[in-house]
Amino acid sequence: MSKDNDAEGFDLSELRSDLPAAAAALSPEDRKGLVNALKNKLQSLAGQHSDVLESLSPNVRKRVEALKEIQSHHDELEAKFFEERAALEAKYQKLYEPLYTKRYEIVNGIVEVDGVVKEASAAVEEDKSPEEKGVPNFWLTAMKTNEILAEEISERDEGALKYLKDIKWSRIDKPKGFKLEFFFDANPYFKNSVLTKTYHMIDDDDEPILEKAIGTEIEWYPGKCLTEKLLKKKPKKGSKNAKPITKIEKCESFFNFFNPPEIPDDDDDDDLDEDTAEELQNLMEQDYDMGSAIRDKIIPHAVSWFTGEAVQDDDIGDIVGDEDEGGEEDEEDEDDEDDEEDDEDDEEDDEEEEQSKSKKKSSGGSKKSGRAQGGRTEQGERPPECKQQ
């Protein structure tokens, strides 16, 4: 725990757990007001924690104090771990760069792989077809193979994404976060040669919180915007205006990724109802999931997603996880089945006892009622199969 937190009498980690999901994504300035609003509650919680210590016996309290000292040393080591991990990631990111450059050159036909040129020349002579350079639709295919991204790519998007030449990501420090860069060849859809998406994060130990996301404004050519569609509606019969009514509506598109949801200002945030705040949080999480998938899966393992091998690896991981959970569920199911069988056995035993009692009563009654009563008893003792016949 930091000195500042000690001075205030509460732990900010508790604050994060009490914040609504949408508020947790606000900037430090925006969250300041929420901190003040919840300060009394947190101080009462701190009081409860002190009450726990005071309720302990002196010897147990000393042991807990020793445990807290151990925790303090653990936190110091953990902080060093995060610092060294960041340095290690930066080191290997530089080592990856030459490999990414070679991939870019092969995908876009800048360099040729040994043994391909002769085969390509022979094919051109036989088929008289133009030679394909590089690996066509490489990034489009790789992204469509990923489940998260495939849901966001429409058929209309594919024409533009075929011009995607490369995707890169880089870490940023002020503010902390990361940036994605999408490099496009000249295309008939928009003027931009590079589209960027930047994520600003707030440090929260090992689980950073998204503060906001910023995307490039796309300069669409006239009539080529993929995030909007033009609707034309015929005027009603007898209307003076004979011209069709046009209306622009937003539509689903991968390129909405570059126009992320915005965090409202302090004044507007007060007007947010719970449903709107939850919807905003869901949109932000979905947006961050897309960015993380591109950074952590598509960029480092692009060729595996292009061939589909990465999907198999993901499926195997899911199956292993499901089996681990399923094993526990199967054991529970078996226990439930055993319990049900025991209950059925108990019911059968009870039925047999009742039937034996009824026999005794019937035999006693036959002395008074004669053979007719005895016949009915035999009929009543027949098994269910006989009754059905």
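Helices (H or I, at least four residues) and strands (E, at least two) are DSSP runs, numbered from the N terminus. This is a predicted model: local features need pLDDT of at least 70, side-chain atom pairs count only at pLDDT 80 or more, and totals for chains, interfaces and linings use all residues. Residues are numbered from 1 along each chain as its sequence is written, and side-chain values use heavy atoms, with hydrogens and water left out.

**Exercise 1. Describe the chain as a whole.**

Step 1. Start with secondary structure: the chain has 14 helices and 6 strands.
Step 2. Turn to burial. Of the 389 residues, 24% are buried (under 20% relative accessible area; exposed is over 50%, partly exposed in between; 1.4 Å probe, protein chains only).
Step 3. Take the surface. About 28100 Å² is exposed, and carbon and sulfur atoms supply 48% of it (Shrake-Rupley method, 1.4 Å probe; for residues, only the protein chains shown count as cover).
Step 4. Check the contacts (heavy atoms within 4.5 Å). Among those between residues at least 6 apart in sequence, 56% join residues at least 24 apart.

**Exercise 2. Place D166 and account for its charge.**

Step 1. Locate D166: strand 1, residues 164–172.
Step 2. Look for a partner. D166 is buried yet has no salt bridge (a side-chain nitrogen of Lys or Arg within 4 Å of a carboxyl oxygen of Asp or Glu).
Step 3. Find the nearest side chain of opposite charge: K168, 4.6 Å away. Lys and Arg count as positive, Asp and Glu as negative; His and the chain ends are not counted.
Step 4. List the neighbours. Leaving out residues up to four places away in sequence, D166 touches Y104, W139, E181, F182 and F183.

**Exercise 3. Trace the patch that includes Y92.**

Step 1. Y92 sits in helix 4, residues 58–107.
Step 2. Y92 counts as partly exposed because its relative accessible area is 38%.
Step 3. L88, Y92, L95, Y96 and L99 make a nonpolar surface patch of about 490 Å². Patch residues have over 30% relative accessible area and no salt bridge; like charges are joined within 9 Å, nonpolar side chains (Val, Leu, Ile, Met, Phe, Trp, Tyr) within 5 Å.

**Exercise 4. Decide whether W305 and T227 are buried or exposed.**

Step 1. W305 belongs to helix 11, residues 302–307. W305 is buried, because its relative accessible area is 4%.
Step 2. Along the chain, W305 and K144 are 161 residues apart, yet their C-alpha atoms are separated by 8.6 Å.
Step 3. T227 is in the loop between strand 4 (209–215) and strand 5 (228–233). Its relative accessibility is 13%, so T227 counts as buried.
Step 4. Beyond four places in sequence, T227 touches W220, E249, K250, C251, S253, F255 and N256.
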